[in-house]
Amino acid sequence: MQVTETLNEGLKRGYAITITGAELDAKVNDKLVEAQPEVELKGFRKGKVPLALLKKNFGERMMGEAMQEAVDGAMNSHFEETGDRPAMQPDVKMTNEDWKPGDDVNVEMSYEALPAIPEVDLSGVELEKLVVKAEADAVEEALANLAETATDYAARDEGVAAEDKDQVVIDFLGKVDDVAFDGGAGDDYPLVLGSNSFIPGFEEQLVGTKAGDVKDVTVSFPDDYQAEHLAGKEAVFTCTVKEVKAPAAAEINDELAKKFGAEDLDGLKGQIAERLEAEYAGASRAVMKRGLLDKLDDLVSFDLPPSLVDAEAKQIAHQLWHEENPEVEGHDHPEIETTDEHNKLAERRVRLGLLLAELGQKAEVEVTDQEMTQAIMQQARQYPGQERQFFEFIQQNQQMQQQLRAPIFEDKVIDHIAAQAKVEEKEVSKDDLQKAVEALDDE
């Protein structure tokens, strides 16, 4: 086997690989000898088929396997010897298309090598960590919001008409073409007007009704309604209004606290303060992470594999296009051209991605099985009732596992770098932190 360099320009590499016919023939013979004890052919006992007959019957298939193994072996040996790491899957093609058994195999291999990452002195990196305390006003505001979610409803005076946001307790019977249908009836149903929990147009028609009223509500089922036999059909619901209740915010007291799992009001306020400060800490970390990445971007400079930059730029352009055209859910759209802005952002992401990967590898940063399981379960919650199927799908999909592992790995590397940097804490207000977070989206 012979490997000859044909291209060495920047990060681009090219090699001509020659595998002799004798090498291939020897590999085929080895495979046949290995398989011989298990082969049975008519007229021969198991394991007694002559090698020449095996080669006649199976040699062509074995040749293909031997050729693939020889090429793979040559590539692996090359990468071990040179230390090169291809940025993407190498392009490999056979050049002698008129090849016949006994001939040498000529293969061309080309790829872009990952660059050597320069050493970075992290001890001189200075970072600012914004610290926000949960102020009393913020706790009270969050407490008031919680009280709204625990809204109670109190009966209105007799004869008072229902308003939007009121709750009406109704019995109802729905009919299509004057025939009742399954699922179209209910008794003592508490319906909040304006909640959009019923068919569009239903709740608005009950505004102005009073306890004791009987009202026919006429609506049309949406064309895409889940019950096909009702989709697009007009229905009449006869509604008997039994009660009209006005919303009343829950009182902020110990009873409210108990509804949310706290022992008393002070305990609930403490939980809210902890949650707010955890949210602030998450936002602060995002700001500090951007600052760290900016500093790392200024500290290092090295050649980037054009193929990685191009792929990243296309992904960025595609993502931004869909954000600007949210009505297009699929990928049946014109080709999206990349711009200089996309390419510039892609270069930054690729450069920082390679740097973080190198720093993480040197620091022996690893994503544990427990961390992966937590990440998978967190994603699985988006599919209620199908968590197990989702978990099994991830276990069988290496690409999805990598997509979940990558951000965990990156965060751990960021923490490792921050631990070596000089971090100065700065106490700021919630508004100042919010402005800093908004600035991240503007960049």
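Helices α6 and α7 are oblique to each other, since their angle falls outside the ranges for roughly parallel (under 35 degrees), roughly antiparallel (over 145) and roughly perpendicular (65 to 115). The axes of α6 (residues 306-324) and α7 (residues 340-362) cross at roughly 120° and come within 8 Å. Axes here are lines fitted to C-alpha atoms, for helices over the stretch in contact, and angles run from 0 to 180 degrees between N-to-C directions. Helices are DSSP runs of H or I with at least four residues, numbered from the N terminus.

A word on what you are looking at: this is a predicted model, in which local features need pLDDT of at least 70 and side-chain atom pairs count only at pLDDT 80 or more, while totals for chains, interfaces and linings use all residues. Residues are numbered from 1 along each chain as its sequence is written, and side-chain values use heavy atoms, leaving out hydrogens and water.

**Helix pairs**

Two packed helices are described by the angle between their axes and the distance between the axes. Here are the pairs covered in this report:

| Pair | Angle | Axis distance |
|---|---|---|
| α6 and α7 | roughly 120° | within 8 Å |
| α5 and α7 | about 95° | 10 Å |
| α9 and α10 | roughly 95° | within 6 Å |

With α5 and α7 packing at about 95°, α5 is roughly perpendicular to α7. From α5, the residues R290, L293, D294, L296 and D297 meet R348, R351, L352, L355 and L356 of α7, where contact means heavy atoms within 4.5 Å. These residues divide into 5 nonpolar, no polar and 5 charged. For such counts, Ala, Val, Leu, Ile, Met, Phe, Trp, Tyr, Cys and Pro are nonpolar, Asp, Glu, Lys and Arg are charged, and the others, Gly among them, are polar.

R348, in helix α7, is a good residue to find on screen. Leaving aside residues up to four places away in sequence, R348 touches R290, L293, D294 and D297. R348 and D294 are 54 residues apart along the chain, and their C-alpha atoms are separated by 9.4 Å.

Next come α9 (residues 387-395) and α10, whose axes cross at roughly 95°. That makes α9 roughly perpendicular to α10. F393, I394 and Q395 of α9 touch M400, Q401 and L404 of α10, a contact with 4 nonpolar, 2 polar and no charged residues.

**The largest pocket**

Helix α7 appears again here, giving the largest share of the lining of the largest pocket, 15 residues. Also supplying at least two lining residues each are α5 (265-299), α6, α10 (398-420) and α11 (430-442). Among the 44 lining residues, E312, R349, V350, G353 and E410 are the closest to the centre of the pocket. By class, the lining has 19 nonpolar, 9 polar and 16 charged residues.

Notes: On a 1 Å grid over the protein atoms alone, a cavity is a set of points where a 1.4 Å probe fits but cannot get out, and a pocket is an open set with protein on both sides within 12 Å along at least five of seven lines; lining residues have an atom within 4 Å of a point.
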